[in-house]
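Student: Can you walk me through this one? I'd like to go piece by piece.

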Amino acid sequence: MFRIEPRKEPSTLMLYATPLIAVALTILSGFVLFTLLGKDPVRATLLIFYKPLTSFYSLSELIVKATPLILIGAGLALCFRANIWNIGAEGQFTMGAVAGGAMALFLFEVEGFWVLPSIWIAGALGGMLWAAIPALLRNRFNANEILTSLMLVYVASLLLSVLVHGLLRDPQGQNFPESRLFHDAALMPILLPGTRAHVGFAVALLAVLLTWALMRWHVIGFQIKVAGQAPRAARFAGFSGKKIVWFTFLVSGGLAGLAGVFEATGPVGQLVPALPVGYGFTAIIVAFLGRLHPVGILLAGLLLALTYIGGEGAQIAMSLPAATIQVFQGMLLFYLLATDIFVNYRFRPAPMKTAPPSTPASPTAQ
Amino acid sequence: MKSLGLKFAIAGAAAAFALGMGIAQAADKTKVGFVYVGPIGDHGWSYQHHQGLLALKKEFGDKIETTHVEKVSEGPDAERVIRQLAQQGHKIIFTTSFGYMNPTIKVAKRFPNVYFEHATGFKRAKNVATYNGRFYQGRYVAGIIAGKMTKTNTIGYIASFPIPEVVMGINATYLGAKSVNPNIKMKIIWVSTWFDPGKETDAAKALADQGADVLFQHTDSPAPMKLAEQRGIWAVGQASDMKAFGPNAQLTALIDDWNPYYIRRVREAMNGTWKSTDVWGGLKEGMLKMAAWNKKIPADVVKLAEAARDGIISGKLHPFTGPLKKQDGTLFLKAGEKISDKALSAMNFYVEGVEGSLPK
């Protein structure tokens with residue numbers, strides 16, 4: 001009936017349309033899912049995608065939730081554009097929280113304008129250090145960075161667990177595995193009074209702006225693009241592949257680390273074993289949904305945050321199972337990858353029954 | 001920036017209006033909220049709290065409205081979930097895992113007219129009460145049965161986190177088993193999770209492979225019980241009656257029964273007599289029950305177990321009675337001395353005879 005035919009050039013229209021198509025298909029599948037669960041699909045969809053936009057508090061929580069997603073997503077986009085697969089942002093996030101949190105505890109009850117910056121720098125360095133390991137292994141031993149970065153996620157969360165069970169444990173906490181609560185000078189300044197929305201969101205916007213400028217104007221941005229799209233051309237042009245690996249890993253690790261320390265000293269206010277909740281993995285969806293473009297990532301980060309907040313609201317209001325939201329996010333990525341085919345290919349009606357001469361070997365025309 | 005502020009203000013006003021409507025509609029019903037750490041289908045800890053919710057519905061019918069949120073991580077999301085429940089007019093909110101302690105306290109400060117009930121924590125406020133079960137009592141009784149039923153003299157123990165709650169459970173189990181079997185040994189595996197059927201199964205396998213023929217768990221899924229059934233060994237159910245998962249394997253189970261407590265507290269919230277309290281109920285108070293003994297347990301063993309249970313209920317017996325030494329040999333309870341609740345709730349050491357060391 002239809003034939004899939006490669007396009008001469010990738011379709012710009014489809015490039016921007018497919019994320020929207022993916023969102024639409026997800027919502028549509030959601031309808032089916034909710035109906036099967038015996039819930040009112042219109043109400044559920046409104047609760048997830050619209051209700052959180054109608055109150056000041058849930059808008060502020062949207063910002064809280066989107067901040068780490070945007071920060072991490074912006075960094076990951078650099079990696080992915082260069083065809084470098086940093087899958088371990090979750091671990092870099094955790095190590096940022098550990099390093100920044102440890103600094104906050106080290107400076108416990110210390111006041112001063114420099115306290116906050118030191119904590120942030122420690123967090124960024126923690127994330128960079130963790131990202132440097134897969135970068136080094138790839139450059140030195142040609143080890144697959146997908147595996148190494150992913151495995152380090154588990155090492156990081158175990159390290160966090162060891163520390164809050166021992167060295168960083170709250171001395172007044174009756175042996176419970178948590179650090180003490182950070183003092184006020186170590187906490188993220190609040191952006192909107194009475195909420196948890198903190199200045200990390202401004203930093204995330206800045207990161208979006210900077211990575212956009214970098215990709216557009218800086219020579220390393222150009223190198224990243226060439227390395228990703230035409231590795232051979234990049235080699236002929238004399239771009240150092242190793243340098244690009246280092247650069248993208250360190251930047252994305254640093255941003256993930258910042259996201260981690262913001263989370264620990266922001267909404268949580270202490271180190272707890274359950275601190276990493278999967279932002280590093282969700283940010284992969286964010287990066288692709290945003291077409292690896294900083295502005296797209298900003299929007300995608302807000303959208304994914306919306307599904308979290310809205311999903312929770314729907315769970316509270318309609319007793320939807322908690323797994324619904326994970327299913328939603330999974331479908332989103334699935335549809336996005338599936339519809340990606342429209343960017344480079346197009347569907348054309350197949351010619352009528354007469355077998356085309358180009359495929360004489362096929363027994364049936366269809 | 002200004003226009004953004006204005007937009008927020010409008011949105012806020014609209015929300016306040018909508019919220020006001022919501023409260024007006026539900027004014028005659030008391031809203032009760034629950035936050036669970038696991039899925040309701042864990043057939044353990046969260047499942048049992050949900051049974052409490054169902055009991056409330058049965059007791060109060062349409063005088064109350066209940067809401068529950070499952071699988072809420074003990075990280076950054078907890079505060080938002082609790083706050084949303086408070087904001088939506090819930091009068092009393094039960095947060096049922098230790099990790100919700102600080103978020104509960106934080107939200108409680110903002111909502112002085114909402115009652116909060118935090119399970120297993122130690123921080124309280126004027127509108128935050130805490131409650132917990134004396135599960136160590138049940139473990140002591142089950143330890144006696146295990147000590148008698150084991151052929152390999154080895155108990156396997158799947159532990160979650162080295163917090164006092166878990167450590168006292170290990171010690172109580174050991175002391176119970178030791179009281180009837182001087183050769184008892186205990187193998188402990190720490191899985192660092194409350195609920196992960198895969199990890200729990202792996203741990204159960206490892207323990208069975210190492211010769212343990214009675215499994216204890218301080219995790220929430222019935223996976224270890226299922227494995228015990230497959231391997232033809234014994235196991236003790238946790239939090240809920242797990243007989244369906246191990247009809248032959250389950251010796252007994254510790255059953256958390258929150259229903260009477262929940263009914264009492266919600267009634268107090270409804271008639272305005274609610275006060276912040278710290279309740280630690282056990283076999284005597286009925287917050288903890290023992291599941292029916294396995295038919296294969298010999299009558300003399302049942303007798304021993306029931307004597308211990310009745311002794312604990314009457315107050316004659318305390319699982320932690322001196323002389324007791326720590327693992328390193330130092331005396332912490334003199335002969336005849338009973339441990340104080342304060343010391344018990346901060347327990348961070350093994351008693352003498354338990355092998356291995358606490359994970360740091």
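Tutor: Sure, we'll take the sheets, then one helix, then the place where the chains touch. This is a predicted model, where local features need pLDDT of at least 70, side-chain atom pairs count only at pLDDT 80 or more, and totals for chains, interfaces and linings use all residues. Residues are numbered from 1 along each chain as its sequence is written, with chains lettered from A and ligands numbered from 1 in the order in which they are written.

Student: What's the strand order in the sheet of chain B with parallel pairing?

Tutor: That open sheet has six strands in the order 2-1-3-4-5-11. Strands (E, at least two residues) and helices (H or I, at least four) are DSSP runs, numbered from the N terminus, and two strands pair if DSSP finds at least two bridges between them.

Student: Which strands stand at the edges?

Tutor: Strand 2 and strand 11 (278–281) of chain B. Each has a single partner strand, so one side of each is left without a neighbour in the sheet. The twist averages 15 degrees from one strand to the next; axes are lines fitted to C-alpha atoms, for helices over the stretch in contact, and angles run from 0 to 180 degrees between N-to-C directions.

Student: How many bridges join strand 1 to strand 3 of chain B?

Tutor: Four, between residues 30–35 and residues 92–95, and the two strands run parallel. One pair of bridge partners is B:Gly33 and B:Ile93.

Student: And what lies across strand 4 of chain B?

Tutor: Helix 4 (residues 101–110) of chain B, at about 170 degrees to strand 4 (115–119). Helix 4 also lies across strand 3 and strand 5 (128–133) of chain B. Contact here says that the C-beta atoms of two residues, placed from the backbone, lie within 7 Å.

Student: OK, the sheet with mixed pairing. What's its order?

Tutor: 7-6-8-9-10-12 in chain B, again an open sheet of six strands. Strand 7 (185–190) and strand 12 (288–290) of chain B are the edge strands. Helix 6 (residues 164–180) of chain B lies across strands 6, 7 and 8, running at about 170 degrees to strand 6. Helix 7 (residues 197–209) of chain B lies across those strands too, at about 160 degrees to strand 6.

Student: Switching to chain A: which residues of helix 13 are buried?

Tutor: Among them are A:Thr324, A:Ile325, A:Phe328, A:Leu332 and A:Leu336. Buried needs 20 or more other C-beta atoms within 10 Å of the residue's own, exposed is 12 or fewer, and partly exposed is in between, with C-beta atoms placed from the backbone.

Student: What covers them?

Tutor: The cover includes helix 1 (12–36), helix 11 (279–289) and helix 12 (294–318) of chain A.

Student: Now the chain contact. How many residues does each chain give?

Tutor: 35 from chain B and 26 from chain A. On the chain B side, helix 3 of chain B gives the most, with seven residues.

Student: Back to strand 2 of chain B. Which residue there should I look at?

Tutor: Try B:Thr67, which is found in that strand. B:Thr67 is partly exposed, with 19 other C-beta atoms within 10 Å. Leaving aside neighbours within four places in sequence, B:Thr67 is in contact with A:Ile316, B:Lys31, B:Gly33, B:Leu85 and B:His90.

Student: How far apart are B:Thr67 and B:Val32?

Tutor: They are 35 residues apart in sequence and 6.3 Å apart in space, C-alpha to C-alpha.
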